[in-house]
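Visitor: I would like a close look at one part of this model, starting from a single residue and working outward to whatever surrounds it. Please take me through it step by step.

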Amino acid sequence: MKKLIQTISTGEWRFVAVLMVVIMFLTGVPFLYGWLSAPAGAVYNGLHALSPGDVPVYYSYITQVAHGDFFVKDLFTSEPQTLGTFNVWWTGVGLLMRWSGLPVELVFQLSRLAMIP
């Protein structure tokens, strides 16, 4: 693996870096616009048409961990769940929310952008 990485040219690394920045920009701007254009007293929650059922589940995972529940449950299903699931990623994001005090919507978007690289 080390030899493979050494064969990648500086130009190829530059291309990957530029591509990451462009993707982060293109996927982050709509959420920034929604947040900035939300009227006073309203909140832009980042829901969209592609996966409107997924985002609230992720928000609940993050919030559950921020409140100290490290074995998260899907609160949006009627299926019985005797045990929660430990997920390293959502645990890290939930702890970031807990330690930073940032809102769940912002923590989710930051974590989503961090996954691009």
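Guide: Let us begin with T91, which has a relative accessibility of 9% and therefore counts as buried, since the cut-off for that class is under 20%. The model is a predicted one, and every value that follows is computed from it.

T91 has its place in helix α4, and, when residues up to four places away in sequence are not counted, T91 touches V65, F70 and F86. As for a residue outside that contact list, L50 is 41 residues from T91 in sequence, and the C-alpha atoms of the two are 24 Å apart in space.

The helix that holds T91 can be described next. α4 has 13 residues and reaches 18 Å from its first C-alpha to its last, which is close to the 18 Å expected at 1.5 Å a residue. Its buried residues are W90, T91, V93, G94, L95 and M97, and the buried residues of α4 pack against α3 and α5. W90, the neighbour of T91 in that list, is in contact with Y58, Y61, I62, V65 and F108, once its neighbours within four places in sequence are left aside. V65 thus appears among the contacts of W90 and also among those of T91.

These contacts lead into the largest nonpolar core, where, of its 15 residues, I62, W90, M97 and F108 touch the most other members. The elements that give two or more residues to this core are α3, α4 and α5, which cover residues 55-66, 88-100 and 104-114 respectively. Of these, α3 gives the most, with 7 residues.

That contribution makes α3 the natural element to examine next. At 1.5 Å a residue its 12 residues should span 16 Å, and its end C-alpha atoms are 16 Å apart, which agrees. Because 9 of those 12 residues are buried, α3 is largely enclosed by the rest of the structure. The buried residues are V55, V57, Y59, S60, Y61, I62, Q64, V65 and A66, and what covers them includes α4 and α5. Among the buried residues of α3 is a polar one that deserves a separate word: Q64, which lies in α3, has a relative accessible area of 10% and is therefore buried. Not counting residues up to four places away in sequence, Q64 touches D69, V72, K73 and L75. Just after α3, G68 takes a positive phi of about 105 degrees.

There remains α2, which can be followed through its own geometry and then through the pocket. At 1.5 Å a residue, the 28 residues of helix α2, residues 10-37, should span 40 Å, and the end C-alpha atoms are 40 Å apart, which agrees. That agreement in end-to-end distance should be read together with a local feature of the helix, for α2 bends by about 35 degrees at G28, and a proline, P30, follows within four residues. The buried residues of α2 are G28, F31 and G34, so that G28 is named both as the place of the bend and as a buried residue, and what covers the buried residues of α2 includes α5. R14, by contrast, lies in helix α2 but has a relative accessibility of 54% and therefore counts as exposed, the cut-off for that class being over 50%. From R14 to F70, which is one of the residues that T91 touches, there are 56 residues in sequence and 38 Å in space, C-alpha to C-alpha.

The largest pocket has a volume of about 400 Å³. Of the 19 residues that line this pocket, the closest to its centre are F31, L32, W35, L106 and Q109. α2 and α5 each supply at least two residues of the lining, and α2 gives the most to it, with 7 residues. F31 is thus found among the buried residues of α2 and also among the lining residues closest to the centre of the largest pocket.

Taken together, α5 is named in three settings: it packs with the buried residues of α4, it is part of what covers the buried residues of α3, and it supplies at least two residues of the lining of the largest pocket.

Terms used. Residues numbered from 1 in each chain as written. Predicted model: local features only at pLDDT ≥ 70, side-chain atom pairs only at ≥ 80, totals over all residues. Heavy atoms only, no water. Core = buried A, V, L, I, M, F, W, Y, C linked by side-chain atoms within 4.5 Å. Buried < 20%, exposed > 50% of the residue type's maximum accessible area, 1.4 Å probe, protein only. Contact = heavy atoms within 4.5 Å. Expected span 1.5 Å × (residues − 1). Bend = angle between axes of the 7 residues up to and from the residue. 1 Å grid on protein atoms, 1.4 Å probe; cavity = no way out; pocket = protein on both sides within 12 Å on 5 of 7 lines; lining within 4 Å. Points joined across faces, edges and corners; volume = space filled by probe spheres on them.
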